[in-house]
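Colleague: Got a minute to go through this one with me? I would like to start with the cysteines.

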Amino acid sequence: MKNLVFSFLFTVTFLVSGFAQNTKMHVKLTGGANAGTYDFSSPTTTCSCNIIKEIAFGNQFSLADGKGVTSLQLIAPDRAKAMAGTDVFYVKVAFGKRLVGTRYEIGKEAIKVTEKANGQLKLSETANSTVATVSGSTKDGVKMEIKLECFKMINNKGEEVTKCR
């Protein structure tokens, strides 16, 4: 009986943790070869806050390859400005194999993002998550709307946190 209870608890714990959503993502592209709406999530923590001085908030979601969105990167250098709404950020959405697939970008890719992007980033907090909302256009005119909801984030100490402080 003891082994049966242990097996049951192990199975429940595995199922709950295995299907937990640490990051929920929504991407809508208007124009371009990958136009459409994509909803996906990650059981692993992909968001970060204050991970290094130059990145107050970020997201690093990547798959080696696959169908649909295989990468969603976001860099926000100033959390306070992002909470108010800012045009200084970088975002990339990619499809297909890493490094060779189609990619759509707003802003200039850099560890230290300083240039204005052709769009807006707004961070907000709910009772149990941090939400990043991005809207804008790529240099080629593809319109992007992104909603990223982070239930957990990694901080500069490597700890998983629910709020960025």
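Modeller: Fine. Keep in mind that this is a predicted model. Cysteine 49 has a relative accessibility of 2%, so it counts as buried.

Colleague: And cysteine 164, buried or exposed?

Modeller: Cysteine 164 is buried, at 5% relative accessibility.

Colleague: How many disulfides does the count come to?

Modeller: One disulfide. Cysteine 47 and cysteine 150 form it, and their sulfur atoms are 1.9 Å apart. The cut-off for a disulfide is 2.5 Å between the sulfur atoms.

Colleague: What is the angle about the S-S bond, and which hand does that give?

Modeller: The angle is -55 degrees, and the link of cysteine 47 and cysteine 150 is left-handed.

Colleague: Where do the two cysteines of that pair sit in the chain?

Modeller: Cysteine 47 is in strand 3 and cysteine 150 is in strand 10. They are 103 residues apart, so the pair links distant parts of the chain.

Colleague: Are cysteine 47 and cysteine 150 buried or exposed?

Modeller: Cysteine 47 is buried at 1% relative accessibility, and cysteine 150 is buried at 0%.

Colleague: Staying in strand 3 for a moment, what about asparagine 50?

Modeller: Asparagine 50 lies in strand 3, which covers residues 47-52. Its phi is positive, about 55 degrees, although the residue is not a glycine. Most residues other than glycine have a negative phi.

Colleague: How accessible is asparagine 50?

Modeller: Asparagine 50 has a relative accessible area of 27%, so it is partly exposed.

Colleague: Changing topic to the fold. How many helices and strands are there?

Modeller: Two helices and twelve strands. Along the sequence the pattern reads α-β-β-β-β-β-α-β-β-β-β-β-β-β.

Colleague: How are the strands of the seven-stranded sheet ordered?

Modeller: The order is 7-6-5-4-3-11-12, in an open sheet with mixed pairing. Strand 7 (102-106) and strand 12 (160-161) are at the edges. Each has a single partner strand, so one side of each has no neighbour in the sheet.

Colleague: How many bridges join strand 6 to strand 7?

Modeller: Five, and the two strands run antiparallel. One residue to look at there is phenylalanine 95, whose bridge partner in strand 7 is threonine 102.

Colleague: And the five-stranded sheet, what is its order?

Modeller: That sheet is open too, in the order 2-1-10-9-8, with antiparallel pairing. Strand 2 (36-42) and strand 8 (119-125) are the edge strands; each has a single partner strand, so one side of each is left without a neighbour in the sheet. From one strand to the next the twist averages 10 degrees.

Colleague: How many bridges are there between strand 9 and strand 10?

Modeller: Eight bridges join strand 9 (residues 130-137) to strand 10 (residues 143-150), and the strands run antiparallel. Within that pairing, valine 134 stands opposite isoleucine 146 in strand 10.

Colleague: Now the rings. How many aromatic pairs does a search of the whole structure find?

Modeller: Three. One of them is tyrosine 38 with phenylalanine 95: the ring centres are 5.1 Å apart and the planes are at 65 degrees, so the pair is edge-to-face. The cut-off for that label is over 60 degrees.

Colleague: Where are those two residues in the chain?

Modeller: Tyrosine 38 is in strand 2 and phenylalanine 95 is in strand 6 (residues 90-95), with their positions 57 residues apart in the numbering. Phenylalanine 95 has a relative accessible area of 6%, so it is buried.

Colleague: Which residues form the aromatic cluster?

Modeller: Tyr38, Phe95 and Tyr104 form one cluster.

Colleague: And phenylalanine 40 with phenylalanine 61, what kind of pair is that?

Modeller: A tilted one, at 5.3 Å centre to centre and 40 degrees between the planes. Phenylalanine 40 is in strand 2, while phenylalanine 61 is in strand 4 (residues 55-62), 21 residues apart.

Colleague: Are those two buried or exposed?

Modeller: Phenylalanine 40 is at 17% relative accessibility, so it counts as buried. Phenylalanine 61 is at 7%, so it counts as buried.

Colleague: Last one, the totals. What share of the chain is buried?

Modeller: Of the 165 residues, 39% count as buried. The accessible surface of the chain comes to about 9600 Å², and 57% of that belongs to carbon and sulfur atoms. Among contacts with a separation of 6 or more, 49% are between residues 24 or more positions apart.

Note on methods: Residues are numbered from 1 along each chain as its sequence is written. This is a predicted model: local features need pLDDT of at least 70, side-chain atom pairs count only at pLDDT 80 or more; totals for chains, interfaces and linings use all residues. Side-chain values use heavy atoms; hydrogens and water are left out. Two strands pair if DSSP finds at least two bridges between them. Helices (H or I, at least four residues) and strands (E, at least two) are DSSP runs, numbered from the N terminus. Axes are lines fitted to C-alpha atoms, for helices over the stretch in contact, and angles run from 0 to 180 degrees between N-to-C directions. Rings of Phe, Tyr and Trp (its six-membered ring) pair if their centres lie within 6.5 Å; planes under 30 degrees apart count as stacked, over 60 as edge-to-face and the rest as tilted. Buried means under 20% relative accessible area, exposed over 50%, partly exposed in between (1.4 Å probe, protein chains only). Contact means heavy atoms within 4.5 Å. Accessible areas come from the Shrake-Rupley method with a 1.4 Å probe; for residues, only the protein chains shown count as cover.
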